[in-house]
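Visitor: I'm new to this structure and a bit lost. Please pick one part, take me through it slowly, and show me how it fits in with the rest.

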Amino acid sequence: MGMMSVLLFPVLVVLVAGMYYLYNEIAKFMTKSVVRNKVVVITDAVSGLGKECSRVFHMGGARLILCGKSWEKLETLYEALNSVADPSVTFTPKLVLLDLSDIGSIAEVTNEILECYGCVDVLISNASLKVKAPVQTLSLDMDRKIMDTNYFGPITLAKGLLHSMISRRTGHLLLVNSIQGKLAVPFRTAYAASKHAAQAFFDCLRAEVEEFGISVSTVSPTFIRSFHQQPEPANWEKSIWKFFFRKLAHGVHPVEVADEILRTVSRKKKEVLMANPIPRAALYVRSLFPGLFFAVVAAGVKDIAIVEEETQ
């Protein structure tokens with residue numbers, strides 16, 4: 001009997017591994033098939049994450065409308081997608097110039113988006129503006145710019161497309177947010193505030209539009225690291241620490257986030273948090289032991305000059 005168990009164990013391992021592999025392949029196929037022929041709008045499509053989202057949805061057979069501030073970069077992305085895709089199973093993407101910080105232009109751009117195919121099935125709000133600086137050095141103009149790009153821009157576009165979705169009683173609005181929409185850290189006052197506001201808006205929206213068959217999702221990574229992150233030549237020890245412990249231990253790669261966005265759209269998930277155990281634990285500590293959380297965060301703030309750093 002013991003010998004039979006020893007002989008059967010490798011067979012069972014291979015069988016379970018085979019079933020797991022088969023399940024994953026079927027899940028991938030079903031995920032892609034859900035977005036086939038769907039009209040998908042991606043904002044800031046020329047960013048690292050935007051490009052990856054464009055790739056996975058394009059290969060899944062979606063009818064893409066790619067938005068960005070640079071026409072030249074949009075054309076480069078357009079050519080890259082068409083060069084690797086099978087034209088018999090994919091649609092040629094449509095390009096739309098969109099600057100989410102220019103609130104006054106969004107209504108006109110919304111009409112242009114709707115004219116592409118007559119409707120929108122999925123909106124992926126991806127654009128984001130970040131700044132790192134002590135609050136006393138951050139100008140009010142920069143606060144407004146961040147709020148326009150991260151909050152007012154995305155909600156203006158979402159509200160503009162919402163009427164069409166309600167009339168059709170179908171649609172999916174997805175916000176690529178940040179863990180800082182739930183957990184604020186020092187030197188990110190404007191950024192964290194904009195992400196908190198966007199999180200609250202989409203949470204409220206989810207409940208309001210459920211009766212119309214519209215799905216609302218948020219995908220919140222710790223932060224999205226770049227494709228090719230290299231340490232700065234100066235201050236070697238500090239940059240090595242930042243690269244390995246901050247970028248690799250806590251950040252997520254654009255490919256991972258794009259794949260999760262596709263799964264979220266396919267399975268209509270309401271909220272996804274892409275974080276390792278440490279940030280997740282911090283969220284619980286913030287809720288259950290706020291005094292301890294604030295003390296730890298304050299202790300980590302060093303009395304050094306922080307130079308304002310703006311990225312998009």
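Guide: Happy to. Let's start with the outside: the chain exposes about 17,100 Å², and carbon and sulfur atoms supply 62% of that area. Keep in mind that what you're looking at is a predicted model. Of the 312 residues in the chain, 43% are buried. The chain is built from 10 helices and nine strands. Among its contacts with a separation of 6 or more, 74% are between residues 24 or more positions apart.

The part I'd like to show you is helix α8, but you'll want to find the sheet first. Look for an open sheet of seven strands, in the order β3-β2-β1-β4-β6-β7-β8, with parallel pairing. At the edges sit β3 (94-97) and β8 (271-274), each of which pairs on one side only. Going from one strand to the next, the twist averages 15°. In general, strands of a sheet pair through backbone hydrogen bonds, either parallel or antiparallel.

For one pairing up close, take strand β4 (residues 122-125) and strand β6 (residues 171-176): they run parallel and are joined by four bridges. In that pair, Ile 124 stands opposite Leu 174 in β6. Helix α8 (residues 254-267) packs on this sheet and touches β4, β6, β7 (214-221) and β8. The direction of α8 makes about 155° with that of β6.

Now to the helix itself. With 14 residues at 1.5 Å a residue, α8 should span 20 Å, and its end C-alpha atoms are indeed 20 Å apart. Which of its residues are buried? They are Pro 254, Val 257, Ala 258, Glu 260, Ile 261, Leu 262, Thr 264, Val 265 and Ser 266.

Let's stop at Glu 260 in that list. Its relative accessible area is 9%, so it counts as buried, the cut-off being under 20%. Glu 260 also forms a salt bridge with Lys 269, where the closest N and O atoms are 2.9 Å apart. What about the partner? Lys 269 has 25% relative accessibility, which makes it partly exposed. There's a third member too: Glu 260, Arg 263 and Lys 269 are linked in a network of salt bridges.

Next door is Lys 268, in the loop between α8 and β8. Just after α8, Lys 268 takes a positive phi of about 55°. That's worth a second look, because most residues other than glycine have a negative phi. Lys 268 is also exposed, because its relative accessibility is 53% and the cut-off is over 50%.

Lys 268 has company in that respect. Asp 44 has a positive phi of about 50°, although it isn't a glycine. You'll find Asp 44 in the loop between β1 (39-42) and α2.

Since that brings us to α2, here's another salt bridge to set beside the one at α8. In α2 (residues 48-59), Glu 52 and Arg 55 are three residues apart, about one turn of the helix. Their side chains meet in a salt bridge, at 2.7 Å from N to O. Glu 52 is buried, at 11% relative accessibility, while Arg 55 is partly exposed, at 32%.

Helix α6 (residues 189-209) has one as well: Arg 206 and Asp 203 are three residues apart there, so about one helical turn separates them. The closest N and O atoms of this salt bridge are 3.0 Å apart. Here Arg 206 is the buried partner, at 15% relative accessibility, and Asp 203 is partly exposed, at 30%. The count for the model comes to seven salt bridges.

One last stop, away from α8. Asn 111 lies in helix α4 (residues 106-117) and counts as partly exposed, at 45% relative accessibility. Asn 111 and Gly 160 are 49 residues apart in sequence, yet their C-alpha atoms are 8.4 Å apart in space.

So, back to the part you came for: α8 packs on the sheet, its Glu 260 forms a salt bridge with Lys 269, and Lys 268, with its positive phi, comes just after the helix.

Methods. Residues are numbered from 1 along each chain as its sequence is written. This is a predicted model: local features need pLDDT of at least 70, side-chain atom pairs count only at pLDDT 80 or more; totals for chains, interfaces and linings use all residues. Side-chain values use heavy atoms; hydrogens and water are left out. A salt bridge is a side-chain nitrogen of Lys or Arg within 4 Å of a carboxyl oxygen of Asp or Glu. Helices (H or I, at least four residues) and strands (E, at least two) are DSSP runs, numbered from the N terminus. Buried means under 20% relative accessible area, exposed over 50%, partly exposed in between (1.4 Å probe, protein chains only). Two strands pair if DSSP finds at least two bridges between them. Axes are lines fitted to C-alpha atoms, for helices over the stretch in contact, and angles run from 0 to 180 degrees between N-to-C directions. Contact means heavy atoms within 4.5 Å. Accessible areas come from the Shrake-Rupley method with a 1.4 Å probe; for residues, only the protein chains shown count as cover. The expected span of a helix is 1.5 Å times one less than its number of residues.
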